[in-house]
Amino acid sequence: MSQQQTLDAQGEAPPGQPPQRRRSLGGGTSHARDFGKGFFVKLVLVALIDAVAVFGILEAVAVQQWAIVAFLAVLLVAVNGVYFSRRALPGKYLLPGLVFLFVYVVFTAIYTGYVAFTNYGDGHNSTKADAVEAILIQNERRVEGSPAYPLTVVAQGDELAFAVVQDGQAQLGTAEEPLAPAEGATVEGDRVTGVAGWQTLDFAALAQRQEEVVDLRVPASDDPTDGSLRTQDGTTAYVYQSTIVYDEAADTMTDTETGTVYTPDSHGSFRAEDGTALTPGWRVNVGLENFTKAFTDPRISGPFFSILAWTFVFAILSVVTTFALGLALAIVFNDPRVKGRRFYRSMLILPYAFPGFLAALVWKGMLNVDYGWVNEVLLGGASVPWLTSPVLAKVSILLVNLWLGFPYMFLVCTGALQSIPGDVIESARVDGASRWRVQRSIVFPLLMVSVAPLLVASFAFNFNNFSLIYMLTGGGPNFEGTPIIVGHTDILISMVYSVAFESGVKQYGFASALSILIFVIVGVVSYLGFRQTRRLENF
Amino acid sequence: MRRSIPVLAAVAGLALTLSACGDGGATGTGTGTTAPTSAAPTLTGTLTMWVDETRIDSMKPIVEAFKEKTGVEVDLVQKISGDIRTDFVSQVPTGEGPDVIIGAHDWTGEFVNNGVVAPIELGDKASGFATSAVQAFTYDGQLYGVPYAIENIALVRNNDIVSDTKATTFDELVDEGKAAGTKYPVVIQQGDQGDAYHLYPLQTSFDAPIFKQDASGSYTNELGLGGENGEKFAQYLAKLGKDKVLSGSIDGDKAKNAFLKGETPYIVTGPWYTTEFTKAGLDISVLPVPSAGGSEAKPFVGVQGAFISAQSKNKLLANEFVVNYLTTEEVQTELYKSGGRLPALTAAADKVDDEVLKGFLAAGATGAPMPSIPEMGAMWAFWGTTQVQIINGQAKDPVAAWDKMVDNMQKAVDES
């Protein structure tokens, strides 16, 4: 939006420029080749953009994010092409908008679509490589009862070694060589202070090579079942034993104690034959499973249809009530006989100026059954369960949404009414039409031409009016005893939220699939709605 | 040529956005390149640590002192307490996560299940901590966090209204509170979605813990809140609701304000509010919650601590900070002074001379840590929702509602 405005503002000298440009193209002194002051400003700015893009490419290469590299490379070429080419005048205006559109809309939409086909969520949070690594580090355990060794890390060029004191004797071991008595070692108390031929690493040196130090495993003896020494902080070592080993060639995990073999299954987990799985799993494509789950999982399909019905009721009634009130007020305040119209109009749009979620929170406080202002002051201490009774909670939501929404309708109706030419109405009156007849047959149809698309948009907005529901009732009062926590006032989008996030275990894949389903519903309804409004235009 | 400006902004914004998506190398790269400079203490590395807004102030002096001691700079990143946990789980795999995160022990299950935290070896230092604190961070036999503070709820009394509590049962306490003539006899915060945490002492006094515990005190997978004991508690809740002792419309803020305004002599709450009470000049005492069902009322114990990311590129420095520095008596005492929670390190806890905190310590002495299994999120939701429905009278038959809840909880546990 703001991007659009900036662009508009940038269109300096709007009416005069295009013809000029055409002339200059034909005349050979292209704007792009005109080495004036403007050219150098452009040169500097594009150079800066190029520098940022190249930096981004290098960074992305460093972390091997090839999609980003490709995107930035294309962008780099496009920017230079468009801004130095002679022919790409419209591109100069379109490119920034297109780029934003891609990053903030297209990319997000594609990504949601992609996630909807995966099992991304708790327990399947990352790649298989990460899962393998996590399983291995979670199952490398300190050998019970093994001592803690005060450790000295020493280095010989690139090679690192651990030096510890065992049975009163200094020992040294590397990744290949198990612990063995070290020659020429100096010992102070229970810690080795130096080994001949090896350089002792101090804290700063340890910090420099920390990944090597932490990854180093020094076998405790020739027998691999004795485990290996490892350190996490560079100053103390413990003997560890892996209880699960990964066979990279066969792609299986084996429990060294029980011998159980875990093989990868189709849902991104290492699973044994008896059905037990290792955690964590990883993200995999699960096809249409997330979509079918919405209809086959009884936990979800049970409340799904009652929530779907309420969503439609809520969205339709919200549009109808706000439009009715907004239109009525607009007609009243459009009459020149009303004194102080300007004042009333600005007062009426006040609710529109409040952030919606904030207003919902304030209303929630005011409608509290025991302490709310409405019950305490307005109704003199009554205890009307505004938000805790299933029916009243729905009524409250519609009323609050009416309060929030009518100023918008009032504004657009006022605008539309004022754009209806006065002479049309006047000639109708001259022809003898009654006041009511004029409203019904002239004003209203003309009004609908411009307002009907906004009603469709308002429907789509309310269909997904998450913040109102979430802030006002949180979907409550909850259904009793349902296997997922949803309530009488939940609409589809807030149900998605509670299924995907509040039920404790996050299911991003499923949430994405449900939001795509909602998008389809809203899309179909809006399409039908817009088709109807086109008919109005032909009136 | 001013039209280039939005393009520049676009690309700069883009580069930031995209590098935020995909750049794993940015955190903790300070180690490889630092050359020792003359006067200033040598910078040996940089750690990134996530802290939420409630804990960041007490962490600031700690990391300053750590930098002076070791030359390791800790880059504190403030995260919103509602997001920090989810963000950690989703960002560690992208390489954008921190090296260390400060949080509560009941996150452990979710973190381990998603493979985002690394095991920690405390060695001999473990014996210096309260057993329940170390147990709280232990998941599947491995330790994943280093505790620094313990908290639990208890009964807080306003000494200006009631100076002596003779009640030995919760019913007697309610009578005492009523005799005091205040607006409420006692407040326990609930809210729309319920609050099972604050009702847990009453529930355990009916011998209906969330999960059954084995001999060593750790939880089993078997629910303990079903059966006769749980049903008795459900009926008791319905009675308290009918008597207007409990109400779904009293949430945390309303409960706190009622106590601050002297509208109630008693409140069941934790150290997070007592600091506000003492600051407001109230004279308070902290007592164990009296039993409602005959057995001892045991609150949940919550433990604060530090986790190390599984994907940290600075594991050695992170361990130096978490295992070797955070476990010192000096640091634990410092954190207690700024944070107002009991230190998890026994040596530091023994020196606490604050009567309020001692009261909490006594009230939580027998409490067990909150379970940290990933399904707890679902448990809390079912639990609180049903309790508030019973209290509000929406659930006409408290026993049936309770049994249905146990059934749903069991399914949620079985499914995993």
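This tour moves through two chains, A and B, one selection at a time. The model is predicted.

**Stop 1: chain A as a whole**

Select chain A and view it as a cartoon. Chain A contains 20 helices and 16 strands. The radius of gyration of chain A is 35 Å, well over the 24 Å given by the globule rule for 539 residues, so chain A is more spread out than a compact globule. Rotating the chain shows its extent: along the principal axes, the C-alpha trace of chain A spans about 115 × 80 × 45 Å. Of the 539 residues in chain A, 33% are buried. Where contacts in chain A link residues at least 6 apart in sequence, 58% of them join residues at least 24 apart.

**Stop 2: helix α10 of chain A**

Next, select residues 298-334 of chain A, which form helix α10. This helix has 37 residues, and the distance from its first C-alpha to its last is 53 Å, close to the 54 Å expected at 1.5 Å a residue. Now centre the view on A:F304, where α10(A) bends by about 35 degrees.

**Stop 3: an open sheet in chain A**

Proceed to strands β13 to β16 of chain A. In what order do the four strands of this open sheet lie? The order is β13-β14-β15-β16, and the pairing is antiparallel. The edge strands, each pairing on one side only, are β13 (244-247) and β16 (270-271) of chain A. As a general point, the strands of a sheet pair through backbone hydrogen bonds, in either a parallel or an antiparallel manner. Select β13(A) together with strand β14 (residues 252-255) of chain A: four bridges join these antiparallel strands. Within this pair, look for A:Y246, which stands opposite A:M253 in β14(A).

**Stop 4: where the chains meet**

Display both chains and colour them separately. Here 74 residues of chain A are in contact with 72 residues of chain B. On the chain A side, helix α3 (residues 37-62) supplies the largest share, 14 residues. Coloured by residue class, the side of chain A that touches chain B divides into 38 nonpolar, 24 polar and 12 charged residues.

**Stop 5: chain B as a whole**

Hide chain A and keep chain B. Chain B has 17 helices and 15 strands. Of its 416 residues, 57% are buried. Among contacts in chain B between residues at least 6 apart in sequence, those joining residues at least 24 apart make up 76%.

**Stop 6: strand β3 of chain B**

Select residues 100-104 of chain B, which form strand β3. Is this strand mostly covered or uncovered? β3(B) is mostly covered, with five of its five residues buried. Add strand β1 (residues 45-52) of chain B, which runs parallel to β3(B) and is joined to it by two bridges. In this pairing, B:V100 of β3(B) is the bridge partner of B:M49. Then add strand β13 (residues 300-308) of chain B, which pairs with β3(B) in the antiparallel sense over five bridges. At this pairing, B:I101 stands opposite B:F307 in β13(B).

**Stop 7: B:F88**

Finally, select B:F88, found in helix α4 (residues 84-91) of chain B. Why does B:F88 count as buried? B:F88 has 23 C-beta neighbours inside 10 Å, and a residue is buried if there are 20 or more, so B:F88 meets the cut-off. Leaving aside residues up to four places away in sequence, B:F88 touches B:W50, B:G97, B:I101 and B:V116. To close, draw a distance between the C-alpha atoms of B:F88 and B:F137: these residues are 49 apart along the chain, and the separation is 17 Å.

Methods:
Residues numbered from 1 in each chain as written. Chains lettered and ligands numbered in written order. Predicted model: local features only at pLDDT ≥ 70, side-chain atom pairs only at ≥ 80, totals over all residues. Rg over C-alpha atoms; globule rule 2.2 N^0.38 Å. Buried ≥ 20, exposed ≤ 12 C-beta atoms within 10 Å, placed from the backbone. Contact = placed C-beta atoms within 7 Å. Pairing = 2+ DSSP bridges. Expected span 1.5 Å × (residues − 1). Bend = angle between axes of the 7 residues up to and from the residue. Nonpolar A, V, L, I, M, F, W, Y, C, P; charged D, E, K, R; others polar.
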